[in-house]
Amino acid sequence: MSVLAGIDTGLYEAAQIDGAGKWKQIWHITLPELFPMITVMLLLSVGGIMRSDTGLFYQVTRNTGILYSKTQVIDSYVLNSITKSSNFGYTAAATLFQSVVGLIMMLVANGAVRKLAPENALF
C-alpha cells in the first residue's frame with residue numbers, strides 16, 4: 001500500500017523514543033494517516049454499490065437455466081434489453097434509477113464523512 005509507505009518514519013521513531021508500543025503507534029500514527037484514504041475508498045465503494053459484475057451474472061447463466069431468474073441484476077437486465085428488445089425506455093429508466101440511487105447513497109455517505117471529519121469530505 002503506497003499510503004503506508006507515505007507515512008513519515010520519523011513519527012514512528014519519535015513515538016518509540018517517547019515509549020509508545022506498537023499498538024499506540026498504530027492507534028495514534030497509522031490510523032490517523034490512513035483515515036483520508038479510508039474515507040475516499042468508502043465514498044467510491046458506496047457510490048458504486050448499485051453496479052454489478054455483468055460478466056459474472058450474464059456469462060455464467062447464459063440467459064438459460066434455473067439460475068437466470070435468481071441472478072438477474074440491473075446491469076444484466078440493461079444488457080439483455082439492449083440486445084434483445086427495442087424498448088429503450090425501460091432500459092434508460094433502469095439505468096437512471098441505478099445512477100440516482102448510487103448518487104444518493106454517495107451523498108449520504110459524504111454527509112456522514114463531513115460530520116465526522118470535514119477535511120476528508122468530497123464537498
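A nonpolar core here is a set of buried Ala, Val, Leu, Ile, Met, Phe, Trp, Tyr and Cys residues joined through side-chain atoms within 4.5 Å, where buried means under 20% relative accessible area, exposed over 50% and partly exposed in between (1.4 Å probe, protein chains only). The model is a predicted one, so local features need pLDDT of at least 70 and side-chain atom pairs count only at pLDDT 80 or more, while totals for chains, interfaces and linings use all residues. Residues are numbered from 1 along each chain as its sequence is written, and side-chain values use heavy atoms, with hydrogens and water left out.

In the largest nonpolar core there are five residues: Leu43, Val46, Ala109, Val113 and Ala121. Two or more of these residues come from each of helix 3 (22-47) and helix 7; helices (H or I, at least four residues) are DSSP runs, numbered from the N terminus. In soluble globular proteins, nonpolar side chains tend to be buried together. Ala121 touches Asn110, Val113 and Arg114, once residues up to four places away in sequence are set aside; contact means heavy atoms within 4.5 Å.

Now for the helix pairs. Two packed helices are described by the angle between their axes and the distance between the axes. Axes are lines fitted to C-alpha atoms, for helices over the stretch in contact, and angles run from 0 to 180 degrees between N-to-C directions. Helix 3 and helix 7 have axes that come within 8 Å and cross at roughly 155°. The two are therefore roughly antiparallel, the label for angles over 145 degrees (under 35 is roughly parallel, 65 to 115 roughly perpendicular and the rest oblique). Their crossing is right-handed, meaning that the near helix is turned clockwise from the far one by less than a right angle; anticlockwise would be left-handed. On the helix 3 side the meeting residues are Thr39, Leu42, Leu43, Val46 and Gly47, and on the helix 7 side Gly102, Met105, Met106, Ala109, Asn110 and Val113. Sorted by class, that contact has seven nonpolar, four polar and no charged residues. Ala, Val, Leu, Ile, Met, Phe, Trp, Tyr, Cys and Pro count as nonpolar, Asp, Glu, Lys and Arg as charged, and the others, Gly among them, as polar.

Helix 7 (residues 88-116) also packs with helix 6 (residues 74-84), at an angle of about 160° and with the axes 9 Å apart. That makes helix 6 roughly antiparallel to helix 7. This crossing is left-handed. Helix 6 brings Ile74, Asp75, Tyr77, Val78, Ser81 and Ile82 to the contact, and helix 7 brings Phe88, Tyr90, Thr91, Ala94, Thr95, Phe97 and Gln98. The split is eight nonpolar, four polar and one charged. Gln98 of helix 7 is buried, at 10% relative accessible area. Beyond its neighbours within four places in sequence, Gln98 is in contact with Met50, Arg51, Ile74 and Asp75.

Helix 3 has a further partner in helix 2 (residues 9-17), with axes that come within 10 Å and cross at roughly 150°. Helix 2 is thus roughly antiparallel to helix 3, and the crossing is right-handed. Leu11, Tyr12, Ala15 and Gln16 of helix 2 make this contact with Lys22, Gln25, Ile29, Thr30 and Glu33 of helix 3. By class there are four nonpolar, three polar and two charged residues. Leu31, also in helix 3, counts as partly exposed at 34% relative accessibility. Its C-alpha atom is separated by 9.9 Å from that of Leu4, 27 residues apart along the chain.
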